[in-house]
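Let's take a walk through this one together, starting with a pair of strands and working outwards. Keep the viewer open and follow along.

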Amino acid sequence: MLGLLGFKSRHSQTNYTFGQTMALRACGLIIFRRRLIPKVDNTAIEFLLLQASDGIHHWTPPKGHVEPGENELETALRETQEEAGLTASQLTIIEGFRKELNYVARKKPKTVIFLLAEVKDYDVEIRLSHEHQAYRWLGLDEACQLAQFTEMKAALQEGHQFLCSTVA
């Protein structure tokens with residue numbers, strides 16, 4: 001059976017195999033907006049990053065653990081609504097982009113799938129949950145500076161490159 005983006009529904013499982021142990025699975029959206037008057041350069045694209053309320057207060061796009069029975073897109077949309085207050089109707093999912101990150105978090109392997117989404121309204125209101133203490137819209141370079149982890153930086157860079165290589 002195919003999911004909303006054409007991915008097979010094996011993604012409804014809670015965990016992936018990561019080496020010899022099962023990895024926690026999470027999904028999220030790399031959310032972006034473009035300036036109202038697009039420029040020739042690529043600074044018109046800004047990414048939404050949320051600052052965690054706990055731990056090292058890291059900055060990431062909205063993401064969270066997959067609930068039983070959810071596919072990747074369902075998880076990403078639910079987490080985006082919970083963490084940033086953005087509903088599916090406020091977003092346009094950009095088809096063809098999917099980035100998988102594998103890393104260790106809190107001494108456990110974790111797999112995070114990011115999809116790409118554009119806000120329909122440049123001035124959309126962000127409503128943070130208790131899980132986050134701040135948000136920022138940032139150009140690629142600034143977003144990569146705040147995203148402390150190498151794999152997250154790479155995901156932002158790949159998302160930006162994907163956007164710049166496709167006709168909007």
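**Starting from strand S3**

Strands S3 and S4 (residues 59-60) run antiparallel to each other, paired over two bridges. Strands here are DSSP E runs of at least two residues and helices are H or I runs of at least four, all numbered from the N terminus; two strands pair if DSSP finds at least two bridges between them. Within that pairing, Leu50 has Thr60 of S4 as its bridge partner. Before going further, a word on what you're looking at: this is a predicted model, where local features need pLDDT of at least 70, side-chain atom pairs count only at pLDDT 80 or more, and totals for chains, interfaces and linings use all residues. Residues are numbered from 1 along each chain as its sequence is written, and side-chain values use heavy atoms, with hydrogens and water left out.

The hairpin of S3 and S4 has six residues between the strands, and Gly55 there takes a positive phi near 60°. His57 sits in this loop too, and its phi is also positive, at about 55°, although His57 is not a glycine. Most residues other than glycine have a negative phi. His57 counts as partly exposed because its relative accessibility is 31%; partly exposed covers the range between buried (under 20% relative accessible area) and exposed (over 50%), using a 1.4 Å probe and protein chains only.

S3 has another partner as well: S8 (residues 132-138), which pairs with S3 in the antiparallel sense over six bridges. Leu49 has its bridge partner in S8, namely Arg136. So how many of the residues of S3 are buried? Eight of its eight are. In a regular strand the side chains alternate between the two faces of the sheet. In S3, Ile45, Phe47, Leu49 and Gln51 point one way while Glu46, Leu48, Leu50 and Ala52 point the other, and all are buried.

Glu46 deserves a closer look. This S3 residue counts as buried because its relative accessibility is 9%. Its side chain makes a polar contact of 2.7 Å with the side chain of Arg33, and another of 3.2 Å with the side chain of Tyr122. A polar contact is a pair of N or O atoms within 3.5 Å; within protein, one must be able to donate a hydrogen and the other to accept it, and residues adjacent in sequence count only if both atoms are side-chain atoms. Those two partners of Glu46 also meet each other: Arg33 lies over the face of Tyr122, at 4.1 Å from the ring centre. To count, NZ of Lys or CZ of Arg must be within 6 Å of the ring centre and within 35 degrees of the ring normal. Leaving aside residues up to four places away in sequence, Glu46 also touches others, including Trp137 and Leu138, where contact means heavy atoms within 4.5 Å.

Now move to helix H1. Spanning residues 72-84, H1 has 13 residues and reaches 18 Å from its first C-alpha to its last, close to the expected 18 Å, which is 1.5 Å times one less than the number of residues. At its start, a side-chain oxygen of Asn71 comes to within 3.1 Å of the backbone nitrogen of Leu73. After the helix comes Gly85, with a positive phi near 75°. The buried residues of H1 include Leu73, Ala76 and Leu77. Glu72, also in H1, counts as buried because its relative accessibility is 1%. The side chain of Glu72 makes a polar contact with that of Arg98, at 2.7 Å.

Arg98 leads us on to Phe114, which touches Arg98 along with, among others, Gly28, Pro62 and Met152. Phe114 is in strand S7 (residues 108-119) and counts as buried because its relative accessibility is 1%. Phe114 and Gly28 are 86 residues apart in sequence, yet 4.9 Å apart in space, C-alpha to C-alpha. In the loop between S6 (91-105) and S7 you'll find Lys107, which has a positive phi of about 65° although it is not a glycine. Lys107 counts as exposed because its relative accessibility is 81%.

Finally, zoom out. The protein chain has three helices and eight strands, running β-β-β-β-β-α-β-β-β-α-α from the N terminus. Of its 168 residues, 45% count as buried. Among contacts with a separation of 6 or more, 67% come from residues 24 or more positions apart.
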